[in-house]
Amino acid sequence: MHKLRTIIKGILSQRTRSMLSGIATLCATAIITCLIAFFYATTQQMADEMRTIQKNTKIVVHLHPSEQRQSQITYQDYLTSVRPAFKDRAIAASKKTYVHVYLDDKKRSGDYFEQIACDHDYLLAHNLSLSSGRFFHESEFPQSPFVVIGYDVAKKLSIDEQSSDPVSFFVAKQSHDVLGVINKQQDKFFYGQNNANRTIYTHLKTHHANLLALDEITVQISNPQESERVSDQVRLLLREKFPNVNYQITDMSQTAKQIQDYIAKIRFVLLAFGCISTLVASINITNSMYAIISERFQEIGIRLAIGATATQVKRLLLTETLLLALVSSALGMVLGELSNMILIKYLNWDYTWHIFAGPVSFIMMTVVCLLSCYAPLLRVDKINPIHAIQRV
Amino acid sequence: MSKIIKIRNLKKNIQQHSRTITILPSCSLSIHKGDMVAITGQSGAGKSTLLNIIGCLDQPSSGQYYLNQHDITDLSCTARSLLRKETFGYIFQQYWLINHLTVVENVELALLYRSGHCRSNREKARNALDQLGILSHAEHYPCQLSGGQQQRASIARAIITKPNILIADEPTGALDHDNSMQIMQILKEINRSHGTTVILVTHDREIAGMCNKRLPMETLFTKKEQLYAQA
Ligand SMILES: Nc1ncnc2c1ncn2[C@@H]1O[C@H](COP(=O)(O)OP(=O)(O)OP(=O)(O)O)[C@@H](O)[C@H]1O
Ligand SMILES: [Mg+2]
């Protein structure tokens, strides 16, 4: 207890320097805590992402629209030629103009999109909020402005896809028919049929047959390594059966890989940032150790003169620095964890909180502190007490 | 009686702006165990320099230094620090107390380094301060004391470890006559009861007279140097 008091007195004998050095260590620990947490979280996310990609790789064949009908693939063609060629792996065909409206976002479970379409006014009339999806502007579809709502809304309305009678509902004193609800995994996209009077969507099952031209065909791949082969297969098939069709193939696994590369780069920057913080903290500690030694040169000389060995003096200086570093990095750890928590909670950062980041950076800073003290402390061995006392 | 300290042609040079200055001309002396020696001499003669070398705080540039018949001229830093710890006690001309520690902590520190952490240290330190009449200032910081009080604190720090050799650079420089006499009594007492060899530097004839041996600086210089000094 008494010893601790003398050590604290030693630390406080250079109040400003100790405070600055403490604050620097604190900040470094806090930053490193955040970085470690973030780094770990992104690592996990990347692994998750990778798993999803492995499970759900697909390629998308974009079919370029053309003026001549013959050069396009109709839904019928798709059913008869394309789909059988890929068995069940050709999971969807779509017409792009309408495809944009699918509502996945947070209501998504796996790759399962659920949606119905209804009138914008209806939404307003029932005070339902559109959490995902979008309104289509009249200029986009002059004949029928519409809105797409989520499946949960559809459920509220008890609209059932299975029901054979067309469901109708009233909006703004007008009756509207709901032509279908899509909630099957295979039916990822749905296609509009222009009702004469504003609205509504039809179900894929009932109306895809009417699609004259497809914009996209999606093919599911079980293994990302296969994507190349499947792409070739698609090309072959299209060349053989639809020689006039212009198309372009996007390999989604490729896109995912690009995103991964991008994340990896960000992570590298993070890592570099962490290393720099650690380095700066370590330089700071080394520097402050040198400062202690030169500021307290005389005191060190006195201690040596009255019988301290160099080892005892070194131990004293080390204890003081270590105590300061421990206290400030403990505070930094708490600060780091808190800011982590706040970032996750209030800024909606999309990663989980890992408590271990704090202790890891705490231990790291302690080790860094010990290492940084090493070189300056070697100087104590060479001090001539009388030179130190007379400050020459 | 055995010679505890024997110095032959000891010399100290220092480098200043690439010039070599001799701050202690070659000198020789012997001190016996249990002696109480007063070194006198004019200011700037090199008394403090000589004491620092004797006390292993500094290294001579040339010459030999025998302590208890061992040549310790070229000892390593570690060995010197062990020697300092086990053999010497110092009273500095400028006191050199540690400013951020209280007087009693300063005194205790010498004990701590000499014999490790011990509960009785604080008590011993207070006794030493009592002996020197500054117990009432035990919890004060050095900057709150007068020069004389600081000097007495530094004396307390030096004698508390009961060193074999006590080195005192003008121990009474900042004290009035009565206090000086009292300090000298204490030093004499230590010298007598523990057989401590006391080497002190003083300008005061009366103080020098209280010692059983007087060594004026001029008599220490080796012959050639003496001539050189006179010329
Ligand atoms: N570090 C140093 N650098 C330059 N000159 C020094 C140094 N130390 C001592 N000197 C010089 O060496 C000479 C002897 O100094 P020293 O302190 O030993 O004298 P002293 O006999 O103790 O004097 P005083 O009685 O005034 O204390 C002085 O002229 C001083 O200027
Ligand atoms: Mg002097």
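The following exchange concerns a predicted model with chains A and B, ligand 1 and a magnesium ion.

Modeller: In this predicted model, local features need pLDDT of at least 70 and side-chain atom pairs count only at pLDDT 80 or more, while totals for chains, interfaces and linings use all residues. Residues are numbered from 1 along each chain as its sequence is written, chains are lettered from A and ligands numbered from 1 in the order in which they are written, and side-chain values use heavy atoms, with hydrogens and water left out.

Colleague: What surrounds ligand 1, and where does ligand 1 lie?

Modeller: Ligand 1 lies between chains A and B. The residues that surround ligand 1 number 15, and the closest are B:S43, B:G44, B:K47, B:S48 and B:T49. A residue is near a molecule if one of its heavy atoms lies within 4 Å of it.

Colleague: How do you know that B:K47 makes a polar contact with ligand 1?

Modeller: A polar contact is a pair of N or O atoms within 3.5 Å; within protein, one must be able to donate a hydrogen and the other to accept it, and residues adjacent in sequence count only if both atoms are side-chain atoms. An N or O atom in the side chain of B:K47 is 2.7 Å from an oxygen atom of ligand 1, so the pair qualifies. A polar backbone atom of B:G46 is 3.0 Å from an oxygen atom of ligand 1, and a polar side-chain atom of B:Q93 is 2.9 Å from one. The protein covers 66% of the 630 Å² of accessible area that ligand 1 has on its own, an area from the Shrake-Rupley method with a 1.4 Å probe; for residues, only the protein chains shown count as cover.

Colleague: Which element gives the most to the shell around ligand 1?

Modeller: That element is α1(B), with 3 residues. Helices (H or I, at least four residues) and strands (E, at least two) are DSSP runs, numbered from the N terminus.

Colleague: What makes B:S48 and B:Q93 donors to the magnesium ion?

Modeller: Donors are N, O and S atoms within 2.8 Å of the metal (3.2 Å for Na, K and Ca); water is not among the atoms, so sites may look incomplete. The OG atom of B:S48 and the OE1 atom of B:Q93 coordinate the magnesium ion (ligand 2) at 1.9 to 2.4 Å, and therefore both meet the cut-off. B:S48 lies in helix α1 of chain B and B:Q93 in the loop between β6 (88-91) and α3 (103-115), so the pair ties together parts that are 45 residues apart in sequence.

Colleague: Why is B:S48 called partly exposed, and A:S288 buried?

Modeller: Buried means under 20% relative accessible area, exposed over 50%, and partly exposed in between (1.4 Å probe, protein chains only). B:S48 has 24% relative accessibility and so counts as partly exposed; B:Q93, at 30%, is also partly exposed. A:S288, at 6%, counts as buried because this value is under 20%. A:S288 is in helix α9 (residues 252-295) of chain A.

Colleague: Which residues are in contact with A:M252, leaving aside its neighbours within four places in sequence?

Modeller: They are A:K58, A:I59 and A:V60, where contact means heavy atoms within 4.5 Å. A:M252 is found in helix α9 of chain A. The C-alpha atoms of A:M252 and A:V60 are separated by 7.2 Å, although the two are 192 residues apart along the chain.
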